[in-house]
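User: Please take a close look at one helix and the loop residue that comes after it. Keep it simple, as I am in my first year.

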Amino acid sequence: MTDTLLIALFAFLGAAVAGLLGALALRLLRHRSLVVSLTVVAAVAVTAMLAGTLAVAWAMFLSRHDLTVVTTVVAMAAVVSLATAMLLGRWVAARSRDLTLAARSFGEGGTFAAPEAPATAELAALTRELAATSAKLDASRERERALETSRRELVAWISHDLRTPLAGLRAMSEALEDGMVVDTQRYLRQIRTEVERMSDMVGDLFELSRIHAGSLLLTPTRISVYDLVGDALAGADPLARALGVRLISDRIEAVPVEVDGKEMSRVLDNLLMNAIRRTPADGTVAVAAHRADEGVVLSVTDGCGGIPEEDLSRVFDTGWRGTHARTPPAGAGLGLAIVRGIVEAHAGRAEVRNVSGGCCFEVTLPAA
């Protein structure tokens, strides 16, 4: 028993010395290639075995022949181990370089293309994560380009929409100032109309800026969809009568929702005004509300003739107004963007689809 303990002690001391030297070498070479690290690890394993064996051999006073045999066996094992470690390190380093080059491509604005050569499980997992990140970056860049396009269009359209009433106001004010107006009251009413139009436009811009900044404060209350739709229909009825459009309610269920009444009224007002202005005279705008599996669905169906399929995805973008033939004189392309922002702030969603003769806007809200 004592001999066994002595052998274990000598073997441990010899291996410990080799291990400490290996740890020191790894620390000094920690910034070098993976091939160097693997070679050091293999060398430590073999050297530790050799040192322990030699320590035990010297302590047991083995013959020179036996000591030579043991040393030769361990040395051959060391050669094979080091060669294997170097091959493994070079293979892993090559896969790492391929992955680095692939990652550099999407870091410079391209799309990540995973290396075709097989890799270790860890590198394969990293490749999948980089591919997922690349897809997210592509989507983000696409959204950024669409947003930048919307911003440029919005600035252009707002500039145009403001320039026209401002020019009219300037002309009317100069005419009033020069005393060249016979019907003063008519000019004053027109000035007031243009001022209200620009005030509404500025109000929409302010509302949209609050939505984009995430500072839209909601005060949810429990309210019936029946009352919400009824108030919106009453408010939109005068415009519908003036334009010769019929407003009808189709299956309005009295289901409760937890929403900000003021903001949700604005959503319905924008949808109704948009539908009425784009529906020709003698056309029909239908409003419906019902409970569905995903929540409460409010829908407004108009008779605009439909939206081109390539434009359906842009309907709720800031500044989108469709073709000039379908653009109302007072529109700035903000109403539907505000609709989507308010609905999403309520954890809902806004969608549009073409139906026979027109299109249907749907707002889905969580049920109370």
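Analyst: Here is a short tour of helix α7 and residue T279.

This is a predicted model; local features need pLDDT of at least 70, side-chain atom pairs count only at pLDDT 80 or more, and totals for chains, interfaces and linings use all residues. Residues are numbered from 1 along each chain as its sequence is written, and side-chain values use heavy atoms, with hydrogens and water left out.

The protein has 8 helices and 7 strands. These are DSSP runs: helices are H or I with at least four residues, strands are E with at least two, numbered from the N terminus.

Helix α7 covers residues 261-278. Its 18 residues should span 26 Å at 1.5 Å a residue, and its end C-alpha atoms are 26 Å apart, so the two agree. The expected span is 1.5 Å times one less than the number of residues.

At the start of α7, a side-chain oxygen of D260 comes within 3.1 Å of the backbone nitrogen of K262.

Which residues of α7 are buried? They are G261, E263, M264, V267, L268, N270, L271, L272, N274, A275, I276 and R278. Buried means under 20% relative accessible area, with a 1.4 Å probe and protein chains only.

Next comes T279, in the loop between α7 and β4 (284-292). T279 counts as buried because its relative accessibility is 5%. Its side chain reaches back to the backbone oxygen of A275 at 2.6 Å. A275 is itself one of the buried residues of α7.

T279 also touches V245, T284, V285, D302, G303 and C304, leaving aside residues up to four places away in sequence. Contact here means heavy atoms within 4.5 Å.

Note on methods. Buried means under 20% relative accessible area, exposed over 50%, partly exposed in between (1.4 Å probe, protein chains only). A polar contact is a pair of N or O atoms within 3.5 Å; within protein, one must be able to donate a hydrogen and the other to accept it, and residues adjacent in sequence count only if both atoms are side-chain atoms.
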